[in-house]
Amino acid sequence: MSAPAGDLALRVERIVDVTPSVRGFVLRPADGGGLPSYAPGSHLVVACGDRRNAYSLTGEGHAPDSYAISVLHRPDGQGGSAWLHGVRPGQVLRCGRPRDAFAPVATARHHLLIAGGIGITPFLSHLWAARRWGRRVSVLYAVGAGAPVPHHAELTALAGDGLRILRGRAAMQAAMDQALRTQALGTHLYVCGPDGLMDSALALARGHGWPDERCHAERFGGVDAAEGAPFTVRLRRTGRDIAVAADASLLDALAAAGVEWPAMCRRGVCGECRMDNAAGTILHRDLVLSPAERAAQSCLMPCVSRAEGVLSLDL
Amino acid sequence: MVQTMSDPVRAACIRRFPWPFTGDRYAYSANVEPAPGARRTLVGEWGRTILDPDETYAAELAERRDILARDPSRHVELPHMRAASWDALLWGLRELAATDPAMTLDRQGDGHVWTNRRLGTRQAFRYGDDASLPMGPLMFLGSQIQEDIVLLDQREDRLWADAGCVTFASNWSMAFTAGMSFMEIHGPVPRDFADGAIPRAERFLIRLPAGQAYRRINWTSTAGYRLDTALDSYADWGASRARMADCDDFADVFHMRVEVQHLVRLPESGAIVFLIRTYLLPLADILTVPGWRTQFASVLTHLPDDIIQYKGLATLRPRLLAHLG
């Protein structure tokens, strides 16, 4: 029988301090049952108080007995990580099923993983799978000068000589430049980390002639905020206009106006809230839609994406 | 091929037959629905489980084994599909064990033990270790389930049919199709392209989350009780198909061929497994169910000419209607 697609109730079995600011959570099914396997790069959407945050699964995806996530405490964040850092062993977390938008490309001749800070987390499952299937992989990992390296022992064990840890922005920039100039044909690039690092890596890749199809990026934790300039949605079927304030998402504005719409991660990663047949100037912020779908300007993820002026919806 | 089923098996095949029509018209469409789910018919039921090891189980697997021995090209696996093939094997054996009480999959140390009392198979293997199985993982799955298997890799925002073990193809060839994209495979289907159903189906599949399963049903016809109507063996069956319109025992030769197709996103590789299960029912058996008889007649009467051509029914329709009327 196929597993149902419902949510998972996971009990916190163990909490480990990965570094002073990164806490690792080992989760097991609260009902003692099994857990689904997951693909490399998968994340778990976790209900953190009134927020839902996406965290990469850091273990091996094959027939796992438990799931593990690593959470960086962000004192200036929106409260999700602080809430999780207050969680104690034994507590039960509501989680979605693993989802993947950052999988390795099976045909790649080589995988070049570029990470910064907590952005290393999705690559742990990549490395576990690479070892199992004999995939060639190398890692460039930027860590702040003097900062501890999260998951250092595991990374060394999995990536061996393929791992390079770079301290400071200049060293990382030079290493990325060199790596992106010298990769074998057929290498795929995967980047995850702070926006600045990701933008640099992708700009370097483009500068060295990498086609977009071989560059894969995951903005960790999904999109941080749904805020932006205010705009108006027009519901075509009823003729209603709803104002979306600067600090509200389109999804929130619809809910406040009594329009129910299915949603899950609320971070632009899961694709659950997709809306079709929209018209207007859409500002896409999700991580789900393909370039062609974005360009068509007729569908969007209302949990994070916005519009300029008036957005017309088939509602 | 001669119909050799015993009467009880034949009766069971009618009861479990996935009758493809619900109304008196047939519209070609993506017609996907969540799976599994039991569907009542006028005489029985189908669809309660994704895999359906039925009365024909051992015979169909023996036939697959013979076909693969004769023509190994029915099994194709591009090198990058190894992880997906193992993923498919584990998913398929678990599904089968959950469906049929005569089968079990047990974890033993760092490996598994598969026991299938219906075939007398007992096989230990270690996940990912090709040497631990007597054949490739996809072939091994094909030796345990009646369904034909195609694995779709997802990359560059498209789907690619990069592996398969397909012995009962209906007028296509796995060897020829291997490596093609979803859009290349679904080239000439009348109406589908105009309506955009195939690009929509591909978008739907690309977004299919891990662990979810959908199914669709497709129908056509076959001369005789013949599962293998692959293009690869056309020399064996093409002539009988051409003769069908003029044969004496039409009600025994004409078979409705229904494919129950399942699409499941595999959890670990992210590949999509596409399962095709083929059911054949002779016109003589359709005639025993009055409701089916009138429904089929109505569908045939209203089918547009391009679909009639596509399904190869142009020369058969008059004779069919004469029997059904």
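Which side chains of chain A and chain B meet in a salt bridge at 3.9 Å, N to O? I shall begin with that point, and I should say at once that we are looking at a predicted model. The pair consists of B:Arg207 and A:Glu293. Two salt bridges are found across the interface of chain A and chain B, and the one just named is among them.

Let me place that pair in its surroundings. Chain A brings 25 residues to the contact, and chain B brings 27 residues. Sorted by class, the side of chain A that touches chain B comprises eleven nonpolar, six polar and eight charged residues. The area buried between the two chains is about 2100 Å². Carbon and sulfur atoms give 54% of that area. In addition, five residue pairs are in polar contact across the interface.

I turn now to the empty space inside the model. As a general matter, such space is revealed by rolling a probe the size of a water molecule over the atoms. How many cavities of 30 Å³ or more does a search of the whole structure find? The search finds three.

The largest cavity has a volume of about 100 Å³. It is lined by 13 residues, and those closest to its centre are B:Cys13, B:Asp54, B:Tyr225, B:Tyr279 and B:Leu280. Two elements of chain B, α1 (7-15) and β13 (272-282), give two or more residues each to this lining. The largest share, four residues, is that of β13(B). By class, the lining of the largest cavity divides into seven nonpolar, two polar and four charged residues.

The second largest cavity has a volume of about 50 Å³. Its lining is made up of A:Pro104, A:His111, A:Leu113, A:His126, A:Ala130, A:Arg135 and A:Val137. In chain A, β8 (110-116) and α2 (121-133) each supply at least two of the lining residues. Four residues of this lining are nonpolar, two are polar and one is charged.

Finally, a word on the backbone. In general, most residues other than glycine have a negative phi, and most peptide bonds are trans. Two places deserve mention against that background.

Where is the cis peptide bond with omega near -5°? That bond runs from B:Ala35 to B:Pro36. B:Pro36 sits in the loop that joins β1 (33-34) and β2 (39-40) of chain B.

The second place is A:Asn277, a residue other than glycine whose phi is positive, near 55°. A:Asn277 also belongs to a loop, in this case the one between α6 (250-256) and β15 (279-283) of chain A.

To close, I return to the interface, where B:Arg207 and A:Glu293 form their salt bridge and where about 2100 Å² is buried between chain A and chain B.

Methods
Residues numbered from 1 in each chain as written. Chains lettered and ligands numbered in written order. Predicted model: local features only at pLDDT ≥ 70, side-chain atom pairs only at ≥ 80, totals over all residues. Heavy atoms only, no water. Contact = heavy atoms within 4.5 Å. Buried area = accessible area lost by both parts, 1.4 Å probe. Salt bridge = Lys/Arg side-chain N within 4 Å of Asp/Glu carboxyl O. Polar contact = N/O pair within 3.5 Å; in protein donor to acceptor, adjacent residues only side chain to side chain. Nonpolar A, V, L, I, M, F, W, Y, C, P; charged D, E, K, R; others polar. 1 Å grid on protein atoms, 1.4 Å probe; cavity = no way out; pocket = protein on both sides within 12 Å on 5 of 7 lines; lining within 4 Å. Points joined across faces, edges and corners; volume = space filled by probe spheres on them.
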